[in-house]
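Reader: Please take one part of this model and look at it closely, then carry on outward to whatever surrounds it. I would like the reasoning spelled out wherever a cut-off decides the matter.

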Amino acid sequence: MAAPQNPLQSTGLDSRLRDAGLFIRQAIRTFRATGAVAPSSRALGHALARYIDQREDPDAQLSIMEAGAGTGAVSRVIAQHMRKGDTIDLVESNPEFAGRLADLLASDPELNPIADSATVHQMLVTDLGPDRRYDVIVSGLPFANFTAEEVREILEYYFSVLRPGGHVSLFGYLYTKQVKAVVAPREDYLRQARSSWVVEEWVNRYGIGTERVLANLPPAWIHHLRKPAED
Ligand SMILES: C[S@@+](CC[C@H](N)C(=O)[O-])C[C@H]1O[C@@H](n2cnc3c(N)ncnc32)[C@H](O)[C@@H]1O
């Protein structure tokens, strides 16, 4: 007799619940690097995957990077938008998350279809090195927790490995600066203000669209940037 099907397993919901638990534990341990209280929503994932979906040449095979892949909440949605021949580098500095991502590529119903096209890199994104080229970079890094110098180094790195005409989509959370102005020490508020000015500088130079995703915890903004065809 066939074993009764576990409804949680068949939808991947059990693995998403486990990942939420792992994410929250790591957020408590390393909030500065994790930068969120819960994995991103699917709505945020779809909005971040916009330029994987909308490709200028429909036959193009994209080289994609996701920076700060965490427990794969956005990677799962990106996987839905990937087409035959696309490849993806999943970069994650936290060894617990990177190990989990590698397991998920082997076992998760939404990630397994891209297992042969995906590589997990357990490292800081800037340690990937200069010899890579990407058409699309999806960044989940918590810039609000970084210094202005760290944000600048990462954005410069993204644009150094991005192909001309390529896109970066990055996100942060709405109203964190306003909340910090009230509840955080002045030092921390000023650090975040300085790092957000660096993001603004890149948006002013390369921004092609900004959107809000309210269906996320907490609600988020996304900036889409495009490297000029001739830079
Ligand atoms: C806000 S979480 C996003 C996780 C996942 N993408 C999501 O949306 O649920 C940020 C992730 O970036 C990772 N991270 C932070 N700094 C990093 C760096 N410099 N390079 C690579 N990963 C980093 C953290 O460990 C964490 O998993």
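Author: Two residues are said here to be in contact when heavy atoms of the two lie within 4.5 Å. The model is a predicted one, and its protein chain has an average pLDDT of 90, with 94% of the residues scoring at least 70. The part I have chosen is helix α6, which spans residues 73–81.

Of the 9 residues in α6, 8 are buried, so the helix is largely enclosed by the rest of the structure. The buried residues are Ala73, Val74, Ser75, Arg76, Val77, Ile78, Ala79 and His81. One of the residues that help to enclose this helix is Leu111, which sits in the loop between α7 (95–107) and β3 (118–122). Apart from its neighbours within four places in sequence, Leu111 is in contact with Ser75, Arg76 and Ala79, and also with Leu104 and Leu105. Leu111 has a relative accessible area of 0%, and because buried means under 20%, it counts as buried. The C-alpha atom of Leu111 lies 9.0 Å from that of Leu101, a residue 10 places away along the chain.

His81, which also belongs to α6, has a relative accessible area of 15%, and since this is under the 20% limit, His81 too is classed as buried. Its side chain makes a polar contact of 2.9 Å with the side chain of His46. When residues up to four places away in sequence are left out, His81 touches Ala49, Ile52, Asp53 and Arg55 as well as His46.

The helix also has a part in the surroundings of the ligand, since α6 and α3 (31–34) each supply at least two residues of the shell around it. That shell is made up of 14 nonpolar, 7 polar and 2 charged residues. There are 23 residues around the ligand, and those that come nearest are Thr34, Ser40, Gly68, Glu92 and Val125. For Ser40, a polar side-chain atom lies 2.4 Å from an oxygen atom of the ligand. For Gly68, a backbone N or O atom lies 2.8 Å from a nitrogen atom of the ligand, and for Val125 a polar backbone atom is 3.0 Å from a ligand nitrogen atom. On its own the ligand has 600 Å² of accessible area, of which the protein covers 96%.

Elsewhere in the chain, three further places are worth setting beside this helix. Gln192 lies in helix α10 (residues 186–206), and at 5% relative accessibility it counts as buried, because the limit is 20%. Beyond the residues up to four places away in sequence, Gln192 touches Ala144, Thr176, Lys177 and Lys180. Pro218 is found in the loop between β6 (207–213) and β7 (220–226), and the peptide bond leading to it from Leu217 is cis, with omega near -10°. Most peptide bonds are trans. A caution applies to residues 1–10, where pLDDT stays under 50 and where the model has 4 contacts beyond four places in sequence.

Taken together, α6 is a helix with 8 of its 9 residues buried, touched by Leu111 at Ser75, Arg76 and Ala79, joined by a side-chain polar contact from His81 to His46, and supplying at least two residues to the shell around the ligand.

Notes. Residues are numbered from 1 along each chain as its sequence is written. This is a predicted model: local features need pLDDT of at least 70, side-chain atom pairs count only at pLDDT 80 or more; totals for chains, interfaces and linings use all residues. Side-chain values use heavy atoms; hydrogens and water are left out. Helices (H or I, at least four residues) and strands (E, at least two) are DSSP runs, numbered from the N terminus. Buried means under 20% relative accessible area, exposed over 50%, partly exposed in between (1.4 Å probe, protein chains only). pLDDT is the predictor's confidence in each residue, from 0 to 100. A residue is near a molecule or strand if one of its heavy atoms lies within 4 Å of it. A polar contact is a pair of N or O atoms within 3.5 Å; within protein, one must be able to donate a hydrogen and the other to accept it, and residues adjacent in sequence count only if both atoms are side-chain atoms. Accessible areas come from the Shrake-Rupley method with a 1.4 Å probe; for residues, only the protein chains shown count as cover. Ala, Val, Leu, Ile, Met, Phe, Trp, Tyr, Cys and Pro count as nonpolar, Asp, Glu, Lys and Arg as charged, and the others, Gly among them, as polar.
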